[in-house]
Amino acid sequence: MITNKKPRSSDSDSIYMRDDRTEMSVDDDRSPSPNSITHDSSPTRTYNTGSGPGPGPGSSSVPEYLAPYPDQVLENVLENVLWFLTSRKDRNAASLVCRSWYRVEALTRSDLFIGNCYAVSPKRATSRFTRIRSVTLKGRPRFADFNLMPPNWGAHFAPWVSAMAMTYPWLEKVHLKRMSVTDDDLALLAESFLGFKELVLVCCDGFGTSGLAIVASRCRQLKVLDLIESEVSDDEVDWISYFPDTGTCLESLSFDCVECPIDFDALERLVANSPSLMKLRLNRHVSIGQLHRLMVQAPHLTHLGTGSFSPSEDVAQGEQGPDYVSAFAACKSIVCLSGFREIIPDYLPAINPVCANLTSLNFSYANVSAEHLKPIICNCHNLQIFWVLDSICDEGLQAVAATCKELRELRVFPFDAREDIEGPVSEVGLQAVSEGCRKLQSILYFCQRMTNAAVVAMSKNCPDLVVFRLCIMGRQRPDHVTGEPMDEGFGAIVMNCKKLTRLAVSGLLTDRAFAYIGKYGKIVRTLSVAFAGDSDMGLKYVLEGCPRLQKLEIRDSPFGDAALLSGLHHYYNMRFLWMSACKLSHQGCQQIAQALPRLVVEVIKHEDTLDMDEYVDTLYMYRSLEGSRDDVPRFVSIL
């Protein structure tokens, strides 16, 4: 059996590992029907139609509708119009027009998105937005996934769920990312919202199977329970069996990140009692034989996470196993496949019957070779999203390029993330993909060696790129053919890809690369920098040249106080700035705090550093309406 045992991350690993296996976020922003909100009646009075001055014979009392104030007319019209405004960006713009628009926009908003749980207090949010049905809340910064932030930093869900329990009795959906969630939080959520329907926890921790059991037993209208890359403690509670036996409303159940075993009989009953179930993602404790039984119960699935994809323990040696090919052939609706956590490649041909319909295929936990991949990928002509390990080598990527002409997103993860090995993918695979997959919009590519020529070719062949993240593992590695810095490659990306909003750079880069980013990256919103840079001028180019920059994360780079201070004009417009293992002094961070009092400036100290160190370990800055938070741990200083 081949088992994927690659490490999650370490300080010397790449900066993208854990977060990039999570689902891509989508802003759904669906609003309830306008009829769900009641409006006050217009003011009325009676008047006479008779000839006399007052009531009397011949007079009749008819309601007279007073003309409402002009402001009231405007607000009534606005309220009816704003119900149809679904984009967060458009709604935020509408709220800034004037006080009346600000008030009406808040009354008509049903979906609340908060990109930093410390940017606003729960009390302020619930006071302004009173008719919320869906909440999306993000906590720790992304670099917390890579052991760059001490545990117990914060981002607690407790104050939020307490405030929502008092204000939003009709809340239906909660999506959390990188939050600390306790079993008590889940219990309060399950008890407070009788019509609760959807819980999604991405990269969250602090809870266990006891909390999941409470949600399963009390949320009788639950449609979605998705646990994605979250850490779930094993409380020895069989949480699956707590779903009602009489039938559920479940449409999506994802627990592939749960490391503890589950009661398969209870899971099988649950699937049988959930006729609306369309998405099911299983953990590694579900064998391929058990998967077969579930597929027979639910042939209508559209999204399937296969679990281990290893042999069933129910099949005795020499006994013929289930017909897996027929099971997949019967599931004619499957468009998304993932899982394969402990795959035996010999079983892979079983998925062939569904390959033609697939739009998404996730092999990021499947250690398969190009030889195993090619018979599968040659049937995936409609594939739009493909995640895979670099074990497929350049040869496998060439096969992808030859078949997947509709590909929009590609992520290539390392099977072994060490810096001192010869990686199996290179510029050869990248160039093949750029030539064969011209509709590509997003790419994450881990490799050990790269050339400027291959990156330039991608910029020309795939001009619609919105996301370009190239992680050249190993510190400051140049073009491995010419020995030159990778400046021209990344420069070509920002010059030729006019839709680029997210960029991650690595390898040997000089200030010239950052000058290109500042000059041409006018709509870049997220920039990640690792082990790169020449001097303070590099960061200065970016901060002065990228007006839409929202998120900037930097690690192990030479930028110091002068670079930091060059962004004073822009920090209030950004969601956050993260800098770790750079050359920032306490004095430089203090200057930022004094110059921008509405910015929260956190200096985070790691356990293995000395108090007298010249440079700060980590600087995390973010804008906030509330000022300093009240749950600061001992290793954090707020300046």
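Helices, of at least four residues, and strands, of at least two, are taken here as DSSP runs numbered from the N terminus. On this basis the protein, examined as a predicted model, contains 20 helices and 25 strands. Of the 639 residues in the protein, 54% are buried, and among the contacts with a separation of 6 or more, 71% link residues that stand 24 or more positions apart.

Two helix pairs illustrate how helices pack in the model. Helix H5, spanning residues 158-167, and helix H6, spanning residues 183-192, pack at an angle of about 15 degrees, and their axes are 10 Å apart. Because angles under 35 degrees count as roughly parallel, H5 is described as roughly parallel to H6. The crossing of H5 and H6 is left-handed. On the H5 side the contact is formed by Ala-158, Val-161, Ser-162 and Ala-165, while H6 contributes Asp-185, Leu-188, Leu-189 and Ser-192. By class, the residues of this contact between H5 and H6 comprise five nonpolar, two polar and one charged.

In the second pair, helix H15 (residues 452-461) and helix H16 (residues 487-496) have axes that come within 7 Å and cross at roughly 5 degrees, and these two helices are therefore roughly parallel to each other. Asn-452, Val-455, Val-456, Ser-459 and Lys-460 make the contact from H15, and they meet Asp-487, Glu-488, Gly-489, Phe-490, Ala-492, Ile-493 and Asn-496 of H16. The contact of H15 with H16 divides into five nonpolar, four polar and three charged residues.

Helix H6 also takes part in the surroundings of helix H7. In H7, which covers residues 209-218, the buried residues are Thr-209, Gly-211, Leu-212, Ala-213, Val-215 and Ala-216. These buried residues pack against H6 and against four strands, namely E6 (198-202), E7 (207-208), E8 (224-228) and E9 (232-233).

Among the strands, E14 (residues 360-363) is covered on both faces, with Ser-360 and Asn-362 buried on one side and Leu-361 and Phe-363 buried on the other. Strand E13 (residues 336-338) runs parallel to E14 and is joined to it by two bridges, and within this pairing Leu-337 has Leu-361 of E14 as its bridge partner. Strand E15 (residues 385-389) likewise runs parallel to E14, to which it is joined by four bridges, and here Ser-360 stands opposite Ile-385 of E15.

Two individual residues may be considered in their settings. Lys-138 lies in strand E4, which comprises residues 134-138, and has a relative accessible area of 19%, so that this lysine is classed as buried, the cut-off being under 20%. Apart from residues up to four places away in sequence, Lys-138 touches Phe-113, Ile-114, Gly-115, Asn-116, Cys-117, Lys-177, Met-179 and Arg-575.

Val-425, by contrast, is placed in the loop between strand E16 (409-413) and helix H14 (427-436). With a relative accessible area of 1%, Val-425 is buried. When its neighbours within four places in sequence are left aside, Val-425 is in contact with Asp-390, Cys-393, Asp-394, Leu-397, Val-412, Tyr-445, Phe-446, Cys-447, Gln-448 and Arg-449. For one of these, Tyr-445, the separation from Val-425 is 20 residues in sequence and 9.1 Å in space, C-alpha to C-alpha.

Technical notes:
Residues are numbered from 1 along each chain as its sequence is written. This is a predicted model: local features need pLDDT of at least 70, side-chain atom pairs count only at pLDDT 80 or more; totals for chains, interfaces and linings use all residues. Side-chain values use heavy atoms; hydrogens and water are left out. Axes are lines fitted to C-alpha atoms, for helices over the stretch in contact, and angles run from 0 to 180 degrees between N-to-C directions. Angles under 35 degrees count as roughly parallel, over 145 as roughly antiparallel, 65 to 115 as roughly perpendicular and the rest as oblique. A crossing is left-handed if the near helix is turned anticlockwise from the far one by less than a right angle, and right-handed if clockwise. Contact means heavy atoms within 4.5 Å. Ala, Val, Leu, Ile, Met, Phe, Trp, Tyr, Cys and Pro count as nonpolar, Asp, Glu, Lys and Arg as charged, and the others, Gly among them, as polar. Buried means under 20% relative accessible area, exposed over 50%, partly exposed in between (1.4 Å probe, protein chains only). Two strands pair if DSSP finds at least two bridges between them.
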